[in-house]
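Please consider the model displayed here. Some questions on its side-chain contacts and helix packing will be raised.

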Amino acid sequence: MGFWGGLSANLLNMIGVGPFITIPLALSALAGPMVLVGWLAGALLCLCDGMVWAELGSTIPESGGPYHYLRTAYGSEGLGRLFGFLYLWQTVLTAPLSIGSAAVGFSQYLAFLIPSLGHQGQILAAVVLCLVNTALLYRRVDSVQRLSLIVSVVVIGACVWIVLSGLLHFDTHLAARFLHAGGDSKHGFWLGLGAVSLIAVYDYGGYNNVCMLGGEIKQPRRNIPLAVLASIPIVALLYMGLNLSVLGVLPWEQAAQSKAVVADFMQSIYGRTGSITAVLLILLASWGSALVVLLGYSRVPYAAAASGQFFRVFARLHPRGQFPAVSLLFTGAASALACTLSLDNLIAALMVIQIMFQYMAQCLAIVLLRRHGRPNADTFRMPLYPLPVLISVIGWLYIVCTSPWRHILAGIATMVGGTLIYAIDAWRKKAWPFQSP
């Protein structure tokens, strides 16, 4: 896979159902034009963090990315064993949150077609979607790449259609009302800005996908950084266009309260037929997104367990289909349970746990690798070092500190629990820090 393949792998992962379901959350967190500042702040943070990923991916071009970055930077036979385990641990926990958010988004748009569905009905629909996807994947899968490509084309096409529709029907008076709206949120400006930045980072997520495929990229020290850093501005421009299109057609107060904002947006332009068409496209996209993400995440615990670095039970294969049955069933069932959480809680918990477990550790990993490593001449070195690393650390800390306490405490509890589980397993195996002298 060359540069264009790596770029498409990022774009196909980044352009998902996120913007279709998060615009109301952002407007509710920080009303008025300052919400756009939050989106821009999220894009800047992702660009700086993208430089961290680009240098790590260029320095250690291995498939499985973060696991190898953390193990190498912190010592493969020392602290790196704990960090590698914690990465796997957080993946097992955050995978259901990521899949659940797509399923909840599916149920919200389904309720637009079936108004009588109600809140409990939406939860049930999301749970059923996760269980159905688990059943569909409980077999040997040979055409996942084709399915992923079809879903991504649908999502990209829907985004382009929505943006063009908004530009052609843009109401300057509505846009002026939005620009003159008050910027205060019920939690205050700084907490509101943090909430919007968290939502933006969630929507931009996926610019690191090429790093997971490092061992399959041609000239990885060059193409991984290019793919990471090119994908972020492309998607940022698309998402900003989507937000501005919606705010130029719908009153921002209506958009902030909508449970299916794109459906309401398209209905105001094309009537019921247009809204139903848009909803059907989004339902297809959210179903496919949940299916593909479940497939990918269900292989992570299996791969780690098969190499002896995670719980042995996850390494079991189906006797006939030879697919990771236990890992798939666990991830699918946990995703169904995650659907009982609200969308904003799913997104916030997902991001806070990932920041605390992985993103902060990777920023320090850059510093450690620069101190102890001797990179090849063609290895990417981020410009203005260490400024992008500092901005990333400050941005991640800001997002965590402005998140609800329950999510911060959940992240801390998860980290402590993972550390204890690692310690017990390491003691049994006489591994670091219990190895014999």
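The exchange below treats salt bridges and then a helix crossing. The model is predicted, so local features need pLDDT of at least 70 and side-chain atom pairs pLDDT 80 or more, while totals for chains, interfaces and linings use all residues. Residues are numbered from 1 along each chain as its sequence is written, and side-chain values use heavy atoms, without hydrogens and water.

Me: Which residues are linked with E55 in a network of salt bridges?
Reply: A salt bridge is a side-chain nitrogen of Lys or Arg within 4 Å of a carboxyl oxygen of Asp or Glu. E55 meets R370 at 2.8 Å, N to O, and R381 at 4.0 Å between the closest N and O atoms. The network thus joins E55 with R370 and R381.

Me: Is E55 buried or exposed?
Reply: Buried means under 20% relative accessible area, exposed over 50%, and partly exposed in between (1.4 Å probe, protein chains only). The relative accessible area of E55 is 2%, so the residue is buried.

Me: How are α5 and α11 oriented to each other?
Reply: The axes of helix α5 (residues 118-137) and helix α11 (residues 261-306) come within 10 Å and cross at roughly 55 degrees. Angles under 35 degrees count as roughly parallel, over 145 as roughly antiparallel, 65 to 115 as roughly perpendicular and the rest as oblique. The two helices α5 and α11 are therefore oblique.

How values were computed. Axes are lines fitted to C-alpha atoms, for helices over the stretch in contact, and angles run from 0 to 180 degrees between N-to-C directions. Helices (H or I, at least four residues) and strands (E, at least two) are DSSP runs, numbered from the N terminus.
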